Amino acid sequence: MMNRQLIIGNTVIKEIRAKSALSRSGLPEYDYALNPYLGCQHGCIYCYAMDFTKGEPGMKWGEVVYVKANLIELLSREVRRFKPGIVGLSTITDPYQPVESIYKLSRKSIEILCRAGFHVSIQTKSALIIRDLDILKECADRVDVGFTITTMRNTYKVIEPMAAHPMARASALRRIADLGIETWIFLGPIIPGINDKREDYEPIIRLAKETDSQVIIDRFRPRQVVIKFMSSRLSMTRPASGDWWVKVMGLIMKICRDYGVNCITAEDEWKTIKEKGDK
Ligand code: SF4
């Protein structure tokens with residue numbers, strides 16, 4: 001059932017009624033996924049989520065976003081029935097994209113989940129999260145916050161046109177880390193010829209050192225839908241040569257060792273979680 005709709009910037013926002021709030025997560029690090037929105041106003045050109053999002057928000061990536069208008073009502077009921085676990089907020093959208101400033105669904109969800117004994121793992125590219133420092137502080141031992149930062153250079157504008165400036169993300173990360181909350185940085189995807197230079201990632205590793213954040217590194221994984229979307233917005237993509245990732249990864253890991261920062265590849269992270277789960 002479709003309800004109200006509004007326009008924010010270049011995005012059409014449509015309210016929908018969802019059937020459930022929490023879903024089983026396909027990611028090994030989470031027990032549940034919670035996505036208050038379908039689609040994402042940040043419109044990153046490399047976004048894999050467009051391939052997992054059904055209907056209009058997936059087909060018109062960044063141009064149409066659905067809001068689960070009854071999410072809080074559903075979640076309030078589900079937390080009484082479901083066993084507490086780790087909730088990934090959000091796994092196929094950004095929980096702090098601009099529409100969150102109106103609906104506050106991420107804020108209210110964190111509040112409900114943490115008070116019900118769940119742990120919330122938040123990942124964003126937005127400084128809007130700073131609005132919720134009060135609730136993050138209250139839930140300090142039940143939340144972790146990750147910022148995706150792919151480069152500290154202005155190249156970010158080409159690949160993440162509507163996301164916050166990396167300096168704004170860095171400053172938000174510092175404020176959250178100052179509260180004693182566990183923080184991490186997702187350094188990825190690293191795309192050949194776009195953000196694979198030392199000047200892209202060394203400042204990010206320095207930021208991780210300063211905030212005592214773990215760094216999770218990942219390379220771009222081409223998917224057909226994403227490549228098509230990317231080529232419509234970027235003229236300069238180049239395929240990776242055979243040993244491109246080995247070289248880039250080798251240099252990143254060396255810089256991490258030099259700074260004494262805990263860096264891990266996304267693959268190694270998944271492997272470690274799976275091994276823990278198998279024991
Ligand atoms: S912020 Fe995340 S979910 Fe949103 S478009 Fe970018 S990569 Fe996709």
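Let's start with A33, which stands opposite G88 in strand β7. Keep in mind as we go that this is a predicted model. A33 belongs to strand β4, residues 32-34, and β4 pairs with β7, residues 86-89, in the parallel sense over three bridges. On we go to the next neighbour: β7 also pairs with strand β8, residues 119-124, again in the parallel sense, this time over four bridges. If you want one spot to look for in that pairing, find I86, which stands opposite H119 in β8.

Now let's turn to another strand, β6. How many of the residues of strand β6 are buried? Five of the five, residues 64-68, so β6 is largely enclosed by the rest of the structure. Here is a handy piece of background: in a regular strand, side chains alternate between the two faces of the sheet. In β6, V64, Y66 and K68 point one way, while V65 and V67 point the other way, and all are buried. Notice that a lysine, K68, is on that buried list.

Who are the partners of β6? One is strand β2, residues 11-16, which runs parallel to β6 and is joined to it by five bridges. Within that pairing, E15 has V67 as its bridge partner. Another is strand β5, residues 37-38, which runs antiparallel to β6, with two bridges joining them. There, you will find L38 opposite Y66.

Let's move to the nonpolar cores. As general background, in soluble globular proteins nonpolar side chains tend to be buried together. In this model, the largest nonpolar core has 64 residues, and those with the most contacts inside it are L34, L113, I122, I176 and I217. Helix α11, residues 244-259, gives this core its largest share, eight residues. There is also a second, separate core of 16 residues, which includes I45, Y46, F220 and L234.

Take L34 as an example. Leaving aside residues up to four places away in sequence, L34 touches a whole list of residues, among them L71, L75, V87, G88, L89 and L113. You have met G88 already, as the residue opposite A33.

Last topic: the cysteines. How many disulfides does the structure hold? Two. A disulfide, in general, is a covalent bond between the sulfur atoms of two cysteines. If you count the bonded cysteines along the chain, the pattern is 1-2, 3-4.

One disulfide is formed by C114 and C139, with their sulfur atoms 1.9 Å apart. C114 lies in helix α5, residues 105-115, and C139 in the loop between α6 and β9, so the pair ties together parts that are 25 residues apart in sequence. The torsion about their S-S bond is about -55 degrees, so this disulfide is left-handed. Both C114 and C139 are buried.

The other disulfide joins C256 to C263, at 2.0 Å from S to S. Its torsion is about -80 degrees, so the disulfide of C256 and C263 is left-handed. Are these two cysteines buried or exposed? C256 is buried, with a relative accessible area of 1%. C263 has 14% relative accessibility, and it counts as buried because the cut-off is under 20%.

Finally, have a look at two more cysteines, C44 and C47. C44 counts as buried at 6% relative accessibility, and C47 is buried too, with a relative accessible area of 16%.

How values were computed. Residues numbered from 1 in each chain as written. Predicted model: local features only at pLDDT ≥ 70, side-chain atom pairs only at ≥ 80, totals over all residues. Heavy atoms only, no water. Core = buried A, V, L, I, M, F, W, Y, C linked by side-chain atoms within 4.5 Å. Buried < 20%, exposed > 50% of the residue type's maximum accessible area, 1.4 Å probe, protein only. Contact = heavy atoms within 4.5 Å. Pairing = 2+ DSSP bridges. Disulfide = S-S within 2.5 Å.
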